[in-house]
Amino acid sequence: MRRITNIIFKIILCILTGVTLAALAFVIIFIVKEALPTFNDVSVHEFLFTNEWMPVEGIGSGARFGIFNFIAATVYVSFLAMLIAIVIGIGAALYLSCVATDRIRGIMYPFVDLLAGIPSVVYGFIGLTVIVRLFLKVGVHTGVCVLAAAILLAIMLLPYLISSCSETLLKNKEAYLRAGNALGVDAWYTISTVILPASWKNILTAMILAIGRAMGETMAVMMVIGNANLFPTLLGKSESIAAVIALEMGTAVNGSTHFHALYAAGLVLIVLLFIINVGINMIRNKLL
Amino acid sequence: METIMNTESIGTEEYVARSAGTEAAMRVRELSVSYDNKETLHKITTEFPKHCITSIIGPSGCGKTTMLLSLNDLIREIQGVKVEGEILLGDKRTDAIPQEELRRRVGLVFQTPMPFPFSVYKNLTYAPRYYGNHNKKDLDRIVKEKLALVGLYDEIKTDLNKSALKFSGGQQQRICIARALTVEPDILLLDEPCSALDVRSISVIEETLLRLKSQYTIIIVTHNIAQARRLSDKVIFLKDGRLIEEGDAAGLFREPKEAETREFLRGIYG
Ligand SMILES: Nc1ncnc2c1ncn2[C@@H]1O[C@H](COP(=O)(O)OP(=O)(O)O)[C@@H](O)[C@H]1O
Ligand SMILES: [Mg+2]
């Protein structure tokens, strides 16, 4: 009887795993299949490295599909957001793990988790009413810009970064702080020379997951980045890959090059994410 | 020393009186410690003779770790702790000694080996560097000397740049003992240092401690009575935060005075 239950259980697990893998394979195959026809009309090089995006034929000019600016904007805004978020996130995590008492930690953690659960459209709304308005006051024309998107995105990444960083910091603090204390070494010295270095590996893992979220984030970024096909600059407008897809998929004629090009842009986003993951992983394994 | 070795197991007051002639490295008077107003140690008075191994034994939860943590003031790192009474290092109250100096002079080794996640060399030079020693030659000497003290130098001298986490549990614990010695303490506290180790490592560590005795005063918490017998010059038996009985090891194990001690020792032997 025991054995039969075991076997049944195993079979169920195998089926569930199979379904997951199949779904993933299906998504990738589907996107690749829909993306490929693009390259009948546009060369890969032109698609990736030119910056004219004119999906509909105009008078006297053919349609053009170059997504270089979108790629640049996606990478630019994600890394900028990550930079802002990781500095603040590690600071907050250090406070929570090494300064705050158990009671304060007990109060703060649920709040941080709550922040992680807020839908991105709400963040986008806050971005419009607070960040964009602030930029407008400071004198940025129309207020929407890449920096606004990066700040908003950073705020969205913070809860996740704070909770995962403070978790590893806390674990390493429990392991090493007392050992430092027992040698008479100052707590902050132990934190900066032992506990933080010991936590880098997990912090980098958290960064990989966060950057994935940042690059795929559509709604909030779309609301504040300005959506103009321009090369990203801090205070200028730009447009991310995810935003292009979301904005144009509804109007693209089914089966047109435009339609396929949007799929190709999605494929580029996936590949980009993959490259960045592998890159950070390599840094992580080399450094530590 | 002699007086202690010859003393039969006797009641607490009498023991303190008789061994008064022996020089104590540390003394504790009326030490009470409570966590969040829950009293964990109650008016402990005892002393730790120089260049001896003193074992603290007792059922789990009786306050042995609390006692050790009090001795080098690590207890203050815990929230909600109250400490009363006095602790003397030599003839100076520990609360009059700067915390950093106290912790240097009274080293502590924890139950689970906790080497830093660095190379052995970096582990052993960590504290000396912190205290301003950056002389390469000097640091090399410290590493060699302290590893030799714990009988590890010949064993791992070609692996000094290997991560300390890659060594066996017993080796890690000896690295931790060596690390505690790098700040030149007078007294070495060990909190059940062998409880996570295999039999072979335990006997190596015991040999190490017996060797270190000539240079350091050693205070060890152990739940292993056989180990306390093998190592100790003096034994302190705690129960429920009270000092029930203390005395020279040979006498106390042969002929415990207090019924509770007898019961505890019998319980351990089964
Ligand atoms: N950080 C702490 N906070 C509250 N109570 C504690 C703490 N550490 C220990 N205690 C309590 O103090 C008592 C003695 O603990 P401890 O000194 O660790 O005992 P032992 O080392 O003899 O097993 C136990 O009842 C334990 O629950
Ligand atoms: Mg203990």
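Buried area is the accessible area that two parts lose on being put together, summed over both. Keep that idea at hand for the exercises below, and remember that the model you are looking at is predicted.

**Exercise 1. Two domains in one chain**

Task: Find out how much area domain 1 and domain 2 of chain A bury between them, and describe the side that domain 1 contributes.

Solution:

Step 1. Locate the domains. In chain A, domain 1 covers 2–40 and domain 2 covers 68–286. Their C-alpha centres are 29 Å apart.

Step 2. Look at the contact. On the domain 1 side 8 residues take part, and they touch 8 residues of domain 2 of chain A.

Step 3. Read off the area. The two domains of chain A bury about 730 Å² between them, and carbon and sulfur atoms account for 81% of it. On the domain 1 side, A:I31, A:E34 and A:T38 lose the most area to domain 2, together 60% of what that side buries.

Step 4. Check for charged and polar pairs. Between these two domains of chain A there are 0 salt bridges, while 3 residue pairs are in polar contact.

Step 5. Ask which elements supply the domain 1 side. Both α1 (2–35) and α2 (38–41) of chain A give at least two residues each. The largest share, 5 residues, comes from α1(A). Sorted by type, the residues of this side are 6 nonpolar, 1 polar and 1 charged.

**Exercise 2. Where chain A meets chain B**

Task: Describe the contact between chain A and chain B: how many residues does it take from each chain?

Solution:

Step 1. Count the residues. Chain A gives 18 residues to the contact and chain B gives 20.

Step 2. Turn to the area. About 1,700 Å² is buried between chain A and chain B, with 66% coming from carbon and sulfur atoms.

Step 3. Look for pairs across the interface. The number of salt bridges between chain A and chain B is 0, and there are 4 residue pairs in polar contact.

Step 4. Trace the chain A side to its helices. At least two residues each come from α7 (146–182) and α8 (187–216) of chain A. Of the two sources named, α7(A) holds the largest share of that side, with 7 residues. By type, the chain A residues that touch chain B are 9 nonpolar, 6 polar and 3 charged.

**Exercise 3. An aspartate in a loop**

Task: Look up B:D233. Is this residue buried or exposed?

Solution:

Step 1. Find the position. B:D233 sits in the loop of chain B that runs between α10 (225–231) and β9 (234–239).

Step 2. Apply the cut-off. Buried means under 20% relative accessible area. B:D233 has a relative accessible area of 4%, so this residue is buried.

Step 3. See what the side chain of B:D233 meets. A polar atom of this side chain lies 2.7 Å from the backbone nitrogen of B:I53. The side chain of B:D233 also makes a polar contact with the side chain of B:K213, at 3.2 Å.

**Exercise 4. Salt bridges in chain B**

Task: The structure holds 23 salt bridges over all chains. Work through three of the pairs in chain B, starting with B:E86 and B:R29.

Solution:

Step 1. The side chains of B:E86 and B:R29 form a salt bridge with an N to O distance of 2.5 Å. This pair joins distant parts of the chain, with B:E86 in strand β4 (residues 81–89) and B:R29 in strand β1 (residues 24–35), 57 residues apart. B:E86 is buried, because its relative accessible area is 18%. B:R29, at 38%, is partly exposed.

Step 2. B:D186 and B:R105 also meet through their side chains in a salt bridge, 3.1 Å from N to O. Here the partners are 81 residues apart: B:D186 is in the loop between α8 (169–181) and β7 (187–191) of chain B, and B:R105 is in helix α4 (residues 99–105). B:D186 is partly exposed at 36% relative accessibility, and B:R105 is partly exposed at 26%.

Step 3. In the salt bridge of B:R141 with B:D138, the closest N and O atoms are 3.0 Å apart. How many residues separate B:R141 and B:D138 in helix α6? They are 3 residues apart in this helix (residues 136–149) of chain B, so about one helical turn separates them. B:R141 is partly exposed at 39%, and B:D138 is partly exposed at 25%.

Step 4. Now widen the view. B:D138 and B:R141 belong to a network of salt bridges that also links B:E145, B:K146 and B:E184.

Key
Residues numbered from 1 in each chain as written. Chains lettered and ligands numbered in written order. Predicted model: local features only at pLDDT ≥ 70, side-chain atom pairs only at ≥ 80, totals over all residues. Heavy atoms only, no water. Helix = DSSP H or I, 4+ residues; strand = E, 2+ residues; numbered from the N terminus. Buried < 20%, exposed > 50% of the residue type's maximum accessible area, 1.4 Å probe, protein only. Polar contact = N/O pair within 3.5 Å; in protein donor to acceptor, adjacent residues only side chain to side chain. Contact = heavy atoms within 4.5 Å. Buried area = accessible area lost by both parts, 1.4 Å probe. Salt bridge = Lys/Arg side-chain N within 4 Å of Asp/Glu carboxyl O. Nonpolar A, V, L, I, M, F, W, Y, C, P; charged D, E, K, R; others polar. Domains from an automatic or database assignment.
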